[in-house]
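Dear colleague,

I am handing over the structure below, and I would be grateful if you could keep it open while you read. The notes after it go through what was found, starting with the ligand and moving on to the pockets.

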Amino acid sequence: MSENKKIILTGDRPTGKLHVGHFAGSLKQRVALQDSGEFDQIFIMIADAQALTDNADNPSKIRDSIMEVALDYLSIGIHPEKTTIFIQSYITELTELSFYYMNLVTVSRLQRNPTVKAEIQLRNFETSIPVGFYTYPISQAADITAFQATTVPVGEDQAPMIEQAREIVHKFNSVYGPTLVEPQILLPDNKACLRLPGTDGKAKMSKSLGNCIYLSDTEEDVRKKIMSMFTDPDHIRVQDPGKLEGNTVFTYLDAFSNTGHFAEYLPEYANLDELKEHYKRGGLGDVKVKKFLNNVMQETLSPIRTRRAAYEKDMEQVYEILRNGCVTAKKAAAATLGKVKHAMKIDYFEDVSFLQEQKKRFSQES
Ligand code: TRP
């Protein structure tokens with residue numbers, strides 16, 4: 001096992017552009033972790049192979065999303081000198097690890113994985129579940145362990161994946177001896193960030209519902225989406241008392257606003273609690289709250305847009321960042337695969353004792 005290093009591995013499936021839900025739920029925290037200087041190594045993976053497990057017939061979607069996601073990462077402030085950004089499929093060691101881990105997981109355990117269950121329903125796979133999709137928790141355990149990750153910052157929906165990875169680590173280490181590092185999940189600390197709803201108030205942001213605010217949206221796109229956001233349908237006149245539960249505008253304020261924003265854009269209120277009180281009492285109109293949220297979101301997104309524009313002008317640099325990241329990641333994964341094969345006693349040509357041991361066996365036997 002590695003010498004008590006603190007290592008982060010996380011990633012996203014490249015099936016489209018990333019949105020503010022990703023930002024609140026995980027991306028923002030990754031930048032903070034990167035800049036904390038507390039970690040020896042940070043790996044962020046564009047999980048194209050995992051994305052193919054339920055998009056096998058649409059490889060061009062994945063191909064185009066690689067650069068979208070890379071630009072999203074770079075524009076939020078993931079820095080290629082501090083963080084290794086790489087593409088999953090390039091690290092062939094991960095498939096090899098998955099193949100060995102498959103022997104340590106039962107079919108019934110996979111069936112019980114709540115994330116897989118939910119996703120099967122969502123995708124209407126019913127009985128025609130692709131085997132690759134079904135086993136992706138195993139491949140995700142390979143992703144995590146290949147980099148000896150101690151810390152996996154992800155959204156709450158990924159908790160069962162990390163749990164399953166930990167089980168695989170236990171099983172592997174108990175069968176083959178201590179080899180793999182046990183990962184910890186790291187959830188965002190702000191509750192509202194755990195699951196940001198769509199702008200229409202629906203539980204999940206999804207491209208097909210058209211209810212996402214993307215990190216790459218223009219200022220005007222964002223303003224329009226916020227001004228038409230779902231609030232309290234019973235809050236008809238300004239003087240009516242308003243409800244906060246299920247009120248998307250307030251959920252977004254919970255996730256994104258701070259007291260600095262109030263001082264700057266809405267100094268009549270000291271903080272979000274005061275604003276909420278007024279809304280509940282009545283006398284506070286939705287438009288005013290939405291305008292404030294717009295200011296908050298524009299302040300959050302504007303530096304992201306600026307950085308993105310610079311990178312978009314230099315796609316060759318983005319390409320090189322990915323290429324270099326893949327080389328670095330491949331080395332790390334290869335080192336772990338070497339240890340795994342050694343522990344499993346299948347490193348025949350790397351282990352000099354193999355031949356000696358076999359020679360002895362055969363001379364004894366003859
Ligand atoms: N399953 C993750 C998602 O849906 C992506 C992912 C793949 C991942 N491998 C990972 C996340 C390893 C954390 C660690 O977004």
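In this predicted model, a nitrogen atom of the ligand lies 2.8 Å from an N or O atom in the side chain of Asp-143. Two glutamines can be described in a similar way: a nitrogen atom of the ligand is 3.0 Å from an N or O atom in the side chain of Gln-140, and a nitrogen atom of the ligand is also 3.0 Å from an N or O atom in the Gln-158 side chain. As for how much of the ligand is covered, it exposes 370 Å² when taken alone, and the protein buries 91% of that area.

Around the ligand there are 14 residues, and those that come nearest are Met-45, Gln-50, Gln-140, Asp-143 and Gln-158. If you wish to place this shell within the fold, the elements that give two or more residues to it are β1 (7-12) and α8 (136-146), with β1 contributing the largest share, namely four residues. Sorted by class, the shell consists of six nonpolar, five polar and three charged residues.

Which pocket does the ligand occupy? The space that the ligand takes up is the largest pocket, for which the computed volume is about 1600 Å³. Its lining is made up of 48 residues, and the ones that lie nearest the centre of this pocket are His-19, His-22, Asp-157, Lys-204 and Met-205. At least two lining residues come from each of β1, α1 (20-36), α6 (114-122) and α8, and among the contributors α1 gives the most, with six residues. In terms of class, the lining of the largest pocket holds 17 nonpolar, 17 polar and 14 charged residues.

There is also a second largest pocket, which contains about 240 Å³ of space. This pocket is lined by 16 residues, of which Ala-49, Gln-88, Thr-95, Ser-98 and Ser-139 lie nearest its centre. The helices α2 (48-52), α4 (93-101) and α8 each supply at least two residues of that lining, which by class has five nonpolar, ten polar and one charged residues.

When you look through the model yourself, α8 may be a convenient place to begin, since this helix gives two or more residues to the shell around the ligand, and at least two residues each to the lining of the largest pocket and to that of the second largest pocket.

With best wishes

Technical notes: Residues are numbered from 1 along each chain as its sequence is written. This is a predicted model: local features need pLDDT of at least 70, side-chain atom pairs count only at pLDDT 80 or more; totals for chains, interfaces and linings use all residues. Side-chain values use heavy atoms; hydrogens and water are left out. A residue is near a molecule or strand if one of its heavy atoms lies within 4 Å of it. A polar contact is a pair of N or O atoms within 3.5 Å; within protein, one must be able to donate a hydrogen and the other to accept it, and residues adjacent in sequence count only if both atoms are side-chain atoms. Accessible areas come from the Shrake-Rupley method with a 1.4 Å probe; for residues, only the protein chains shown count as cover. On a 1 Å grid over the protein atoms alone, a cavity is a set of points where a 1.4 Å probe fits but cannot get out, and a pocket is an open set with protein on both sides within 12 Å along at least five of seven lines; lining residues have an atom within 4 Å of a point. A molecule sits in a cavity or pocket if more than half of its atoms lie within 2 Å of its grid points. Ala, Val, Leu, Ile, Met, Phe, Trp, Tyr, Cys and Pro count as nonpolar, Asp, Glu, Lys and Arg as charged, and the others, Gly among them, as polar. Grid points are joined across faces, edges and corners, and a volume is the space filled by probe spheres set on the points.
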